[in-house]
Amino acid sequence: MTTLRDVAKAARVSTVTASSVLSGSNRVRVSTATIQRIQEVARRLNYVARASARGLRTGRVRAIGFLTAAHSRSRWQAHWQEILRGMSDVLWEREEHLILAMPRSDEQEIEVLRRLAFGHQVDGLILQDSCRNDPRVALLREAGLPFVLIGGETLPQTHLVQFDMEQFGRLLAQHILER
């Protein structure tokens, strides 16, 4: 595995300079030619910054979790692929990742949430089908982790996303007819 030190050595710069260029932090002044040389060497050596090292510096893991209730039938299951594709497109543009969890029971779901939230494995979570006194919401609030709910009941002080599939169908038809 190629390290930052390997890139710096091959580009004939210090590790501080290589780190500054590759992280985009601009901590040191570097000529355009040197920036291009460092980036080319990093590509040639297949260097990718370690997410764990970046996380220590930034306090973020650059990942969003999507937790599905695989053990119970949800009206959203038919739309998972589209929802996940849309999320993935946005995250890809921001160099972030999507972590999908599909617990097999309510107990496993709470344990997965606990690990993701308190283990700092994600920067935020998306849950489906909320209900009153939802233990998942209480756990995420305790962890201080941002979250969004897809469907279910509207809960106080939460972000709830509702989809109107009929309206979505209308928009699709309008789009096609306007072509």
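**Entry 1: Secondary structure.** I counted the elements of the protein chain and obtained 8 helices and 5 strands. I note here that the model is predicted. Reading from the N terminus, I recorded the order α-α-α-α-β-α-β-α-β-α-β-β-α.

**Entry 2: The chain as a whole.** I looked up burial and found that 32% of the 179 residues in the protein chain are buried. The exposed surface of the protein chain comes to about 12200 Å², and 52% of this area is supplied by carbon and sulfur atoms. I then turned to contacts in the protein chain with a separation of 6 or more; residues 24 or more positions apart account for 49% of them.

**Entry 3: Helices H2 and H3.** At what angle do helix H2 and helix H3 pack? I found an angle of about 85° between H2 (residues 15-23) and H3 (residues 32-44), with the axes 10 Å apart. H2 is therefore roughly perpendicular to H3, since angles of 65 to 115 degrees count as such. On the H2 side, I listed Thr17, Ala18, Val21 and Leu22 as making the contact; on the H3 side, Ile35, Ile38, Gln39 and Ala42 make it. Sorted by class, the contact of H2 with H3 has 6 nonpolar and 2 polar residues, and no charged ones.

**Entry 4: Two residues with positive phi.** I checked backbone angles next. Most residues other than glycine have a negative phi. Arginine 12 is not a glycine, yet its phi is positive, about 60°. I located arginine 12 in the loop between helix H1 (4-11) and H2. Its relative accessibility is 64%, so arginine 12 counts as exposed. Asparagine 46, also not a glycine, has a positive phi of about 55°. I placed asparagine 46 in the loop between H3 and helix H4 (51-58). Asparagine 46 counts as exposed because its relative accessibility is 65%, and the cut-off for exposed is over 50%.

**Entry 5: Aspartate 134.** Is aspartate 134 buried or exposed? With a relative accessible area of 7%, aspartate 134 is buried, as the limit for buried is under 20%. I found aspartate 134 in the loop between strand S3 (124-130) and helix H7 (135-143). Its side chain is joined to that of arginine 136 by a polar contact of 2.8 Å.

**Entry 6: Glutamate 142.** I followed helix H7 to glutamate 142, which lies within this helix. Glutamate 142 has a relative accessible area of 63% and is therefore exposed. I also looked up its distance to alanine 117: the two residues are 25 residues apart in sequence, and their C-alpha atoms are 9.3 Å apart in space.

Note on methods: Residues are numbered from 1 along each chain as its sequence is written. This is a predicted model: local features need pLDDT of at least 70, side-chain atom pairs count only at pLDDT 80 or more; totals for chains, interfaces and linings use all residues. Side-chain values use heavy atoms; hydrogens and water are left out. Axes are lines fitted to C-alpha atoms, for helices over the stretch in contact, and angles run from 0 to 180 degrees between N-to-C directions. Helices (H or I, at least four residues) and strands (E, at least two) are DSSP runs, numbered from the N terminus. Angles under 35 degrees count as roughly parallel, over 145 as roughly antiparallel, 65 to 115 as roughly perpendicular and the rest as oblique. Contact means heavy atoms within 4.5 Å. Ala, Val, Leu, Ile, Met, Phe, Trp, Tyr, Cys and Pro count as nonpolar, Asp, Glu, Lys and Arg as charged, and the others, Gly among them, as polar. Buried means under 20% relative accessible area, exposed over 50%, partly exposed in between (1.4 Å probe, protein chains only). Accessible areas come from the Shrake-Rupley method with a 1.4 Å probe; for residues, only the protein chains shown count as cover. A polar contact is a pair of N or O atoms within 3.5 Å; within protein, one must be able to donate a hydrogen and the other to accept it, and residues adjacent in sequence count only if both atoms are side-chain atoms.
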